[in-house]
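Here's a quick tour in question-and-answer form. Have a look at the picture first, then let's work through it together.

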Amino acid sequence: MTMNADSSRFDLVIRGAKVVSERVLGEHDVAVQDGKIAEIAGRIDADARQVIDAHGLHVLPGVIDVHVHFNDPGRAHWEGWTTGSAAAAVGGTTTVAEMPLNASPPTLDGASFDAKVTAASGASFVDFALWGGLTPVNLGDMAELAARGVIGFKAFMCNSGIEDFLAADDATLREGMLRAAELGLPVAVHAEDEAITSRLTTEARAAGERSIRAYLASRPPEAELTAIARAIELAAETGCELYVVHISTPEGVGLVRDAASRGIAVRAETCPHYLLFADDDLVLHGAALKCSPPLRPLPTQEALGEMVRGGLVDVLASDHSPSPPEMKAHEGFFAIWGGIAGCQSLLPASLSAIEGASGEADVSLAAELLAHNPARLLQQPGKGRIRIGMDADLVLVDLREEFTVAQDDLRYRHSISPYVGFPLRGRPVQTFLRGVTIARAGNVVGRPQGRLITPARGSGIAD
Ligand code: ZN
């Protein structure tokens with residue numbers, strides 16, 4: 001540990017918060033020096049340049065949201081790095097991993113990677129990692145993307161809804177997985193079967209269907225399960241590490257757990273919106289809750305929540321995917337942009353979902369699913385835990401507080417979110433990136449200083 005030149009021993013001491021990491025420690029002091037956690041003890045008496053009294057609060061590792069779409073460069077009018085990262089920071093997130101599609105150009109080669117880093121640098125309040133794309137037209141560019149520092153490759157097993165990001169057929173996915181395995185990086189899949197979803201969608205639209213119920217029927221659980229099973233087969237065959245994003249059914253998680261028990265390297269992500277909302281909520285509220293795979297019936301929602309609370313899901317992420325309001329306004333529900341804006345609410349929404357019927361959130365499970373496991377996925381051994389020597393990415397949370405997000409509280413470019421007015425437990429109070437306050441009481445602080453983070457390859461498996 002480097003020592004300070006002046007008389008203050010630490011840059012920052014956070015006093016008296018309950019420390020949440022592998023388990024919950026009683027009230028402790030946490031000291032920060034040079035952006036890293038320097039000491040954790042019942043009482044730290046040494047001088048510090050800044051002292052924060054956090055009695056009554058919990059301190060968690062900063063949230064690592066591995067699934068956001070900020071759409072910048074090219075579609076910053078949908079979100080953009082500044083507003084997207086500000087919302088994330090206010091919500092307790094200190095690192096995001098941004099998806100390769102919905103920006104223009106999509107992140108399919110070295111030049112588009114560089115363009116995205118340029119857009120994010122000096123604009124992002126939080127550290128950022130980038131996913132590269134895995135599509136039929138850029139297999140030859142995967143090595144270049146890996147050399148630039150992508151944290152993995154994202155493939156769509158069905159139509160992505162974006163023209164310049166093509167679905168990966170089985171041959172493409174197999175070849176991409178072989179290359180990713182060689183490069184030591186995971187492949188993330190949007191798992192819905194193209195044959196099923198395109199047939200049902202074409203039939204529904206040909207019959208003149210435009211309703212929300214018709215949209216729901218066009219993306220059944222079978223589409224998800226068929227695709228997950230095939231992705232697992234390909235991962236087993238190629239030795240590629242597989243990450244299944246936004247699983248919407250307990251059966252889907254079951255497929256992942258079953259494969260993992262057979263020694264296949266596969267992990268499961270879901271999002272709080274699948275745990276807090278059901279198909280009836282979509283019918284009631286419409287566009288703000290449209291996503292794919294879609295929200296499921298209440299019993300499915302509850303069973304998925306049980307699996308999360310039982311530790312069977314690896315990662316909770318927001319899949320923050322906003323659009324301008326006009327793309328959310330259309331008479332036919334099939335034509336409306338699918339994507340939920342939720343990165344600002346990821347932490348409290350996850351705490352609320354984990355709380356379940358018991359009325360008490362398992363905060364160390366939340367830290368596992370929102371920080372530690374994401375750090376392992378992104379191969380960031382220096383992030384994701386409150387431990388001496390790790391980055392001082394921290395969030396102070398008031399778990400006593402039940403609150404609702406007002407439209408004015410949203411820091412997104414467009415203040416549309418299904419979480420507006422929804423009661424959540426656990427308000428993020430203050431967020432620190434490498435020991436520096438980046439958000440306090442619902443607003444960002446200071447200038448954006450997020451950095452690109454790249455994988456320490458080979459560290460993903462180690463604890
Ligand atoms: Zn997504």
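Q: Is asparagine 102 buried or exposed?
A: First, some ground rules: this is a predicted model, where local features need pLDDT of at least 70 and side-chain atom pairs count only at pLDDT 80 or more, while totals for chains, interfaces and linings use all residues. Residues are numbered from 1 along each chain as its sequence is written, and side-chain values use heavy atoms, with hydrogens and water left out. Buried means under 20% relative accessible area, exposed over 50% and partly exposed in between, using a 1.4 Å probe and protein chains only. Asparagine 102 has 2% relative accessibility, so the label is buried.

Q: What is phi of asparagine 102?
A: Most residues other than glycine have a negative phi. Asparagine 102 sits in the loop between strand S7 (93-98) and helix H2 (110-120); helices (H or I, at least four residues) and strands (E, at least two) are DSSP runs, numbered from the N terminus. Although asparagine 102 isn't a glycine, its phi is positive, at about 90°.

Q: Which residue in the loop between helix H13 (363-377) and strand S15 (394-404) is buried at 6% relative accessibility?
A: Here's another positive phi in a residue other than glycine, with a value near 55°. With a relative accessibility of 6%, the residue counts as buried. The one in that loop is glutamine 379.

Q: Which prolines are joined to the residue before them by a cis peptide bond?
A: Most peptide bonds are trans. One cis bond, with omega about 15°, follows aspartate 72, in the loop between S6 and H1 that holds its proline. Another, with omega about -5°, follows serine 292, and its proline lies in the loop between helix H10 (279-285) and helix H11 (298-309). The two names are proline 73 and proline 293.

Q: Which residues are the protein donors of the zinc ion?
A: Donors are N, O and S atoms within 2.8 Å of the metal (3.2 Å for Na, K and Ca), and water is not among the atoms, so sites may look incomplete. The donors follow the spacing H-x1-H-x249-D along the chain. At 2.1 to 2.2 Å from the zinc ion, they are His67 (NE2), His69 (NE2) and Asp319 (OD).

Q: How many residues apart are histidine 69 and aspartate 319?
A: Histidine 69 and aspartate 319 are both buried. Histidine 69 is in the loop between strand S6 (63-68) and helix H1 (81-90), and aspartate 319 is in the loop between strand S14 (315-316) and helix H12 (346-355). The pair links distant parts of the chain, and the separation is 250 residues.

Q: What is the distance between the C-alpha atoms of cysteine 343 and serine 321?
A: Cysteine 343 is in the loop between S14 and H12 and is buried, with a relative accessible area of 1%. Leaving out residues up to four places away in sequence, cysteine 343 touches, among others, Asp65, Phe70, His320 and Tyr412; contact means heavy atoms within 4.5 Å. Serine 321 is 22 residues apart from cysteine 343 along the chain, and their C-alpha atoms are separated by 8.8 Å.

Q: Which helix gives the largest share of the lining of the largest pocket?
A: On a 1 Å grid over the protein atoms alone, a pocket is an open set of points with protein on both sides within 12 Å along at least five of seven lines, a cavity is a set where a 1.4 Å probe fits but cannot get out, and lining residues have an atom within 4 Å of a point. Grid points are joined across faces, edges and corners, and a volume is the space filled by probe spheres set on the points. The largest pocket holds about 720 Å³, and among the residues closest to its centre are Asn159, Arg219 and Ser292. With five lining residues, the answer is H5.

Q: What is the volume of the largest cavity?
A: There are three cavities of 30 Å³ or more. Residues lining the largest one include Ala288, Lys328, His414 and Pro418. Its volume is about 70 Å³.

Q: What is the radius of gyration of the protein?
A: The protein has 13 helices and 18 strands. The radius of gyration is taken over C-alpha atoms, and the globule rule is 2.2 Å times the number of residues to the power 0.38. For 463 residues that rule gives 23 Å, and the protein's own value is close to it, so the protein is as compact as a globular protein of that length, at 21 Å.
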